[in-house]
Structures are given as C-alpha cells and as structure tokens.
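Me: Hi! I've got a structure open and would love to walk through it with you. Can we settle a term before we start?

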Amino acid sequence: MVKQTIEVGLGERSYPIAIGPGVLSQIGGLLKTAGIAGRYGIISDDRVAALYGNTVLAALVENGVRADLFTFPHGEASKCLQTVEELAGRLAASGFDRTSGLIALGGGVVGDITGFLASIYMRGIPFVQIPTSLLAQVDSSVGGKTGVDLTQGKNLIGTFYQPRAVYIDTEVLQTLPEEEFLGGMAEVIKYGASIDADFFHWLREQRDAIVALDPAVIVPMIRRCCEMKAAVVEQDEQESGLRRILNFGHTIGHAVEAVSGYALNHGFAVAIGMRAVAELAVRSGRASSATAEQIEALLHLYGLPVAIPAQYDRAALRQFMRADKKASNGRLVFVLPVALGKVDITDRIDEAALDAVLA
C-alpha cells in the first residue's frame, strides 16, 4: 500500500502527515529530502528505543544525515520538567545548536516531551513526529500541543509548537501492546462521537477488521482522524474556541487519570470520561438517553472501561478537575454530546447532576 499524505494548513507553519505501512523504512530518505535540519536528536523512551531506535538512527546515518539517540524511562512519570532539563543538558553537551532538530520517536508522552523541548531549546528548534502508538498517530502527534505534567494536574506546563512533519508507519502497531491499542481506540471513537456520526457507525461495522489491524481499514481510519484533527486545528490553532471539541471526555478523563496516579491508561481514562459526560448530557437535558447508550455500547465493543473505579476518591477527582487547564474563570468547561457527531461546549452545569455522574 502506497503511503498517503495530507496537509495541516497553517500558512507558513503548514506541514505534511505521511501515513502508510513501511514509512519507517523510508524515513532516512524522507528526512534528507525534507532538509529540515542538519543534525537530529532522536528522542525516545527506553521501551520504544529498544524496538525502533537503532533502525531510525541507522536509516538516517545511511542517508548521510547526522543523528544521535537520547532515551528516558518510559511512562507518564517521566513527563515532567526534570526530564526536559536532563534531555536539554544532554543536547547541549553533545553540541546541538539552532541548526539542529529533534525527532519524537514514540507515543504521546515522547511526543509531548520532545515538542516542548524543541519549543524552548535555543529558543526553538524544528522537530518532527514519528508516532508509534495508535493514540499518538490519531491525535497527539498532530496539532502542536506540547507539555509536561505537574503534581497538580496533567499538561499544565506547555506550548503550542507545530512539528515540521509527521510520519506515521501503521506497521509499528503490530508491536503495540493490546491495552495501548485499545486506549488509542478511545481517541478514535472520540472523533466519531464528537465530529462525524458516519465515522462512528463505520467504527462499529469495521470492529473486527480494525482489531485485526487490517491495513485496508487501519490506514483510512488513521487518515480520517488526522483529517478531522487538521480541520479543527486549521480553524483554531491555540484552542480559543472550536478546538475545545477535541477535549470531549478529557475534563473528567484527565482527573480520573490523575487520581489513579497515572497508573490508568490515558485512553481508558478518556473512555470513562466520554461515558461520564454522555450521562451528564442526558441529566442536563442536552442529549437523549439513546445517544449516551450508543456511545457506551461502542466503548464496550472495543473492550474499554466506562465506569469510574469505586475506589477513586471523588473529592480528589473534583480537586483535579478544578485545576484543569480547560477551566474558565474558575468554572469547569465540559464538552457534552448532544447527538452523535455533535457536541456542545458549556460551563453551565448543574452541580447536582455532576455529583450524580461522579458518584
């Protein structure tokens, strides 16, 4: 299957997204032709680096592109300022300057860290994304959101900084743990539930082929998600309005993830958050119970959790929600599904309804 390319149209900050099986094997030539930087620092976590780090490094060197590999421990715990500082120090010690660039090789954590590091190192150097998880391929690698966590909440320090290119190899999903793949499917379902009802129904119809990683459905699925993300980002790059629809399920989801000590898979937390706001939409009179039931049914179909674990402290959930960066003037902002493929962004939520949902 030939790789497919779409464009994120942001004027002088526009960039291509290449999607298809085998893209990784072409990465040396692709980056040499792109001419984005004279030297690259490949940033990856230890788990992904063991699988693909040397492959990418060798591909660059074979094409006459200077490159070095830098790794850090995998997991959300590494997504902090200390990791960024350590990586920046290693880049400086290795002689990386303003003509250099970075490559984010990994999932969402790697992409967020690398993008943030690129945005502040030497006051900004270029970077490219090579996402290796489904979640990163359909969501976090596109759109320019970067950041790290604080103890008070997720992604509270960060920047908007667009990559120069995104290279998506669908074959790397073969090495992705099942839990990570299903977590990525939560973000895929998010697009259908909030933007495209036809895509939502397609996900139900194609479930078996998707779970089997059939390239005939995986490539168009990822492409469609990237198209929807690109269309939103092109209209609202820095989340002042429309882009907030992409936070469907995330206000409660991020809080659930934080209360778990980030032990809960991000996609699983988002799935729980989507089901919760669907119920909130019904209790608020904004959606029919049929809409909420369809969302919950599709989450179930992909083996995703839908209930906030009973052992999670509800007061702590509230505390993390209040610290959420999407809060406005002290009010929580929710993205509520009013119908499949259509959402309402509001900070007018009945507290009793929210309490009932969290309970």
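Me: What does "buried" mean here, and what counts as exposed?
Reply: Happy to help! Buried means under 20% relative accessible area, exposed means over 50%, and partly exposed is in between. One thing to keep in mind throughout is that this is a predicted model.

Me: Great. Which residues of H9 are buried, then?
Reply: They are Val217, Ile218, Val219, Met221, Ile222, Cys225, Cys226, Met228, Lys229, Ala230, Val232 and Val233. Note that Lys229 is among them.

Me: How many residues does H9 have, and what does it reach from end to end?
Reply: H9 covers residues 215–235, which is 21 residues. From its first C-alpha to its last it reaches 30 Å, close to the 30 Å expected at 1.5 Å a residue.

Me: What sits at the start of H9?
Reply: There, a side-chain oxygen of Asp214 comes to within 2.9 Å of the backbone nitrogen of Ala216.

Me: Let's zoom out. How many helices and strands are there?
Reply: The protein has 14 helices and 11 strands. Its radius of gyration is 20 Å, close to the 21 Å that the globule rule gives for 359 residues, so the protein is as compact as a globular protein of that length. The C-alpha trace spans about 60 × 40 × 40 Å along its principal axes.

Me: And what share of the residues is buried?
Reply: Buried residues make up 57% of the 359. As for the surface, the protein exposes about 14100 Å², with carbon and sulfur atoms supplying 49% of that.

Me: What about long-range contacts? What share comes from residues 24 or more positions apart?
Reply: Of the contacts with a separation of 6 or more, 75% are between residues 24 or more positions apart.

Me: Nice. Now, where does UniProt put a binding site?
Reply: The unreviewed UniProt entry places the feature "binding site" at Glu187, His250 and His266. They span 80 residues in sequence, yet no two of their C-alpha atoms are more than 10.0 Å apart, so they gather at one spot.

Me: Start with Glu187. Is that one buried or exposed?
Reply: Glu187 is buried, because its relative accessibility is 0%. Its place is in helix H6, residues 178–194.

Me: What does Glu187 touch?
Reply: Leaving out residues up to four places away in sequence, Glu187 touches Leu135, Val138, Asp139, His250, His266 and Val270. That list includes His250 and His266, which UniProt also gives for the binding site.

Me: And His266, where is that found?
Reply: His266 is in helix H11, which covers residues 266–283. It counts as buried because its relative accessibility is 16%, and the cut-off is under 20%. Setting aside residues up to four places away, His266 touches Leu135, Lys154, Glu187, His250, His254 and Glu257.

Me: Lys154 rings a bell. Which other residue is in contact with it?
Reply: Asp149 is, once its neighbours within four places in sequence are left aside; its other contacts are Glu76, Lys79, Cys80, Asn155 and Tyr262. Asp149 lies in strand S7, residues 148–150, and counts as buried at 8% relative accessibility. A polar atom of its side chain lies 2.9 Å from the backbone nitrogen of Asn155.

Me: Tyr262 is in that list too. What about its phi?
Reply: Tyr262 has a positive phi of about 60° although it is not a glycine. It lies in the loop between helix H10 (250–259) and H11, and at 22% relative accessibility it counts as partly exposed.

Me: Which other residue has a positive phi without being a glycine?
Reply: Arg123 has one, of about 65°. Arg123 is in the loop between H4 and strand S6 (127–131), and it is exposed, with a relative accessible area of 79%.

Me: Since H4 came up, where is Gly115, and what is it in contact with?
Reply: Gly115 is in helix H4, residues 108–120, and it is buried, with a relative accessible area of 0%. Apart from neighbours within four places in sequence, Gly115 is in contact with Phe127, Thr146 and Tyr161.

Me: Last one: which residues does UniProt list for the 3-dehydroquinate synthase N-terminal domain?
Reply: The unreviewed UniProt entry lists residues 71–181 for that domain. Over this stretch the chain is 33% helix and 23% strand, and the end C-alpha atoms are 22 Å apart.

How values were computed. Residues numbered from 1 in each chain as written. Predicted model: local features only at pLDDT ≥ 70, side-chain atom pairs only at ≥ 80, totals over all residues. Heavy atoms only, no water. UniProt positions renumbered as here; feature names shortened; annotations may be inferred. Helix = DSSP H or I, 4+ residues; strand = E, 2+ residues; numbered from the N terminus. Buried < 20%, exposed > 50% of the residue type's maximum accessible area, 1.4 Å probe, protein only. Contact = heavy atoms within 4.5 Å. Expected span 1.5 Å × (residues − 1). Polar contact = N/O pair within 3.5 Å; in protein donor to acceptor, adjacent residues only side chain to side chain. Rg over C-alpha atoms; globule rule 2.2 N^0.38 Å. Areas by Shrake-Rupley, 256 points an atom, 1.4 Å probe, with all protein chains shown as cover.
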